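Please work through the following exercises with the sequence and the structure at hand, trying each task before you read its solution.

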Amino acid sequence: MRKANPSGVSRRTLAKAGIFGAAASPLLAACGNDGGGGADEGDGELDFWWWGSDPRHEYTQKIIDAFLAKNEGVTIKPSPNEFDAYWDALNVSVSGNNAPDVLQQDERYLRDYADKNALLPLEDLDLDLSNIEEGTLKTGQFDGKTYGIPTGVNSLCLLVNPAIVDAAGLTLPDDKSWTWADFMQFTTDISAAGDAVGNSAISFSNESLFNVFARQKGESLYTEDGQLGFTEATMNAWWQMVLDLRDSGAIPEPSQIVEAFAAGQDQAPLATGTGATEFYWTNQIGAIQSVLGSDLVLLRVPGESEGTQPGLYLKSAMYWSVSRTVSDKAAAGKLVDFLLNSDESLDLMLGDRGLPSNTAQRERILPQLPPDQKLGADFIAALTPDLAEGPPVPPVGSGTAADIMLGVFETMIFGDTTVEDTTKAFMEQLNAEIGAA
């Protein structure tokens, strides 16, 4: 990886970055226009879509105001939304050939919308990428083109309530050396010591955590060519561990697990003080601590030292993308560049959309970060030297993986299916969705 350029004076387009493979074949136009987008200089009006909470909506509007103050003649129509409604609206918009000009994207859907011919290859824009590492940029690239620039990075971690650990008479494990067996013993001992459960088990139905487990074994959730990249034996071991945790009392009864999942993050055991640990992304720390009302400790995911490679990686929190039908490429490029690189943008955004992908800005804003974001930043800084390269961009259809995994998890946790049948059901259903062999 190349180092950040603290001066930030080197400007270049994506096409000159030297980080792409051979040019891809033209995408079939499932939607969007045939000519590949709007004019380089248009009417200066941009539809800008994003998802998030009310605080994100408020500061993003302030970023828009700061951008408009510096770009006379450009107008922006903001469209904030919550996560689920965002994707419903975007699907309708793209299907109607009326996609927003600049938009947030998620790794699960990035390839889907690119394959629908809805996203502009960002080589077409003049963007300053001199302070974004190539490994970070790669997470938004496939088929020789870039369809999303990461807003920032985060990592999975194990959030731990130290008060519950102390009350159980236990000490925090050495997270650089602990194994999954150590995790199982740790959470079992916590459950046995008091009223709090060792782990809520919510994340064991999440494909992102399983991907870390698979990567530790030298495998991956997906391969570069869009196939499933893990063996049945690896997923069987995953489900067996869940059942062992259930049987030892380390996690709640199945009905309580399902109820906690349905109740949402704010009512999950960790947030309510009835659970000692749970796996979350580093940019979720603040929300959990705010509900809990006390500080948490971040630990690395177990098993990093016992596998063939580290499973953890820096995930792009989300992406900035541009529609292929963008009304004004020049204005869209200026907006994306402003979001990524300007002091005004990052002073407001801080770490809410992940630690800034612009490494010079990341370093600059560190003293401004609130305590929860500083906790995540310190964790990522300590973790980064030990990481392996991240996984490939998920294939088309992978957005269904979370629902599929939750479904098979629930049937298994209640004892309705075996470990082997659960694995086969997940693989068969996901293969059908991604069109794999």
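**Exercise 1: A covered strand**

In this predicted model, strand 8, made up of residues 156-160, is mostly covered, with five of its five residues buried. Determine which residues of strand 8 lie on one side and which on the other, and which residue of strand 10 is the bridge partner of Leu158.

*Solution.* Begin with the two faces: Leu156, Leu158 and Val160 are on one side, while Cys157 and Leu159 are on the other, and both faces are covered, since these residues are all buried. Next, turn to the strands that pair with strand 8. Strand 10 (residues 275-281) runs antiparallel to strand 8 and is joined to it by five bridges, and within strand 10 the partner of Leu158 is Phe279. Strand 11 (residues 297-299) is likewise antiparallel to strand 8, with three bridges between them, and here Leu158 stands opposite Leu299.

**Exercise 2: Two positive phi angles**

Find where Asn97 is placed and where Leu350 is found, and decide for each whether the residue is buried or partly exposed.

*Solution.* Asn97, although not a glycine, has a positive phi of about 60°, and its place is in the loop between helix 2 (83-95) and strand 3 (102-105). Because its relative accessibility is 45%, Asn97 counts as partly exposed.

Leu350 is not a glycine either, yet has a positive phi of about 50°, and it is found in the loop between helix 13 (343-349) and strand 14 (355-356). The relative accessibility of Leu350 is 14%, so this residue counts as buried, the cut-off for buried being under 20%.

Definitions and conventions:
Residues numbered from 1 in each chain as written. Predicted model: local features only at pLDDT ≥ 70, side-chain atom pairs only at ≥ 80, totals over all residues. Heavy atoms only, no water. Helix = DSSP H or I, 4+ residues; strand = E, 2+ residues; numbered from the N terminus. Buried < 20%, exposed > 50% of the residue type's maximum accessible area, 1.4 Å probe, protein only. Pairing = 2+ DSSP bridges.
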